[in-house]
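Hi,

Here is the structure I promised to send over. Have a look at it first, and then read on for my notes on what turned up.

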Amino acid sequence: MTTQEIPTDRALSADEGVELKKRIADSRATGQWHWMGNYGSPYDVMAVANAAPKCEAGELITGFHENGLIPTFMYR
């Protein structure tokens, strides 16, 4: 899955987010924001943030949408 393939209308699992995070980290594309998808639980966002490579303060930003999804972006 690439950032262009992330569905905007469903929640990603923590496992999908961790896989995406690893791909972004391996791509060496640094110094920009990356769309990490929508999550259905703050625990999934926490699992992605704490998976290797761990996010530093301010590298993962989330919001809350009225439909219950948690849109998430990562700076890497």
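**What turned up**

Buried residues account for 36% of the 76 residues in the protein. Keep in mind as you read that this is a predicted model.

First, the overall picture. The protein has 2 helices and 4 strands, and along the sequence they come in the pattern β-α-β-α-β-β. The C-alpha trace spans about 35 × 25 × 20 Å along its principal axes. The radius of gyration is 11 Å, which agrees with the value near 11 Å that a compact globule of 76 residues would have. As for contacts between residues at least 6 apart in sequence, 62% of them join residues at least 24 apart.

On the surface side, the accessible area of the protein is about 4,600 Å², and carbon and sulfur atoms own 52% of that. The charged side chains are 7 positive and 10 negative, with 8 Å between the centres of the two sets.

Now the inside. The largest nonpolar core has 15 residues, and the ones touching the most other members are Met36, Tyr39, Leu60 and Met74. At least two residues of this core come from each of helix H1 (14-26), strand E2 (33-39), helix H2 (42-50) and strand E4 (70-75).

What does methionine 74 touch, once neighbours within four places in sequence are left aside? Its contacts are Lys21, Ile24, Gln32, Trp33, His34, Met36, Cys55, Glu59 and Leu60.

Threonine 72 is worth a click too. This residue sits in strand E4, and with a relative accessibility of 1%, under the 20% cut-off, threonine 72 counts as buried. Setting aside residues up to four places away in sequence, threonine 72 is in touch with His34, Trp35, Met36, Gly37, Tyr39, Val45, Leu60, Ile61 and Thr62. Met36 and Leu60 appear in the contact list of methionine 74 and in that of threonine 72.

Is leucine 12 buried or exposed? Leucine 12 belongs to strand E1 (residues 11-12), and its relative accessible area of 2% makes it buried. From leucine 12 to tyrosine 43 you go 31 residues along the sequence and 12 Å through space, C-alpha to C-alpha.

Two partly exposed residues for the other side of the story:

- Glutamate 19 lies in helix H1 and has a relative accessible area of 36%, so it is partly exposed. Its C-alpha is 9.5 Å from that of alanine 51, with the two positions 32 residues apart in sequence terms.
- Histidine 65 is in the loop between strand E3 (60-62) and E4, and its relative accessible area of 43% makes it partly exposed. Histidine 65 and lysine 22 are 43 residues apart along the chain, and their C-alpha atoms are separated by 25 Å.

One last thing to check in your viewer is the backbone. Most peptide bonds are trans. Where does a cis peptide bond occur here? The cis bond joins alanine 52 and proline 53, with omega at about -10 degrees. Proline 53 is placed in the loop between H2 and E3.

That is it from me for now.

Cheers

Notes: Residues are numbered from 1 along each chain as its sequence is written. This is a predicted model: local features need pLDDT of at least 70, side-chain atom pairs count only at pLDDT 80 or more; totals for chains, interfaces and linings use all residues. Side-chain values use heavy atoms; hydrogens and water are left out. The radius of gyration is taken over C-alpha atoms; the globule rule is 2.2 Å times the number of residues to the power 0.38. Buried means under 20% relative accessible area, exposed over 50%, partly exposed in between (1.4 Å probe, protein chains only). Contact means heavy atoms within 4.5 Å. Accessible areas come from the Shrake-Rupley method with a 1.4 Å probe; for residues, only the protein chains shown count as cover. Lys and Arg count as positive and Asp and Glu as negative; His and the chain ends are not counted. The place of a charge is taken as NZ of Lys, CZ of Arg, CG of Asp or CD of Glu. A nonpolar core is a set of buried Ala, Val, Leu, Ile, Met, Phe, Trp, Tyr and Cys residues joined through side-chain atoms within 4.5 Å.
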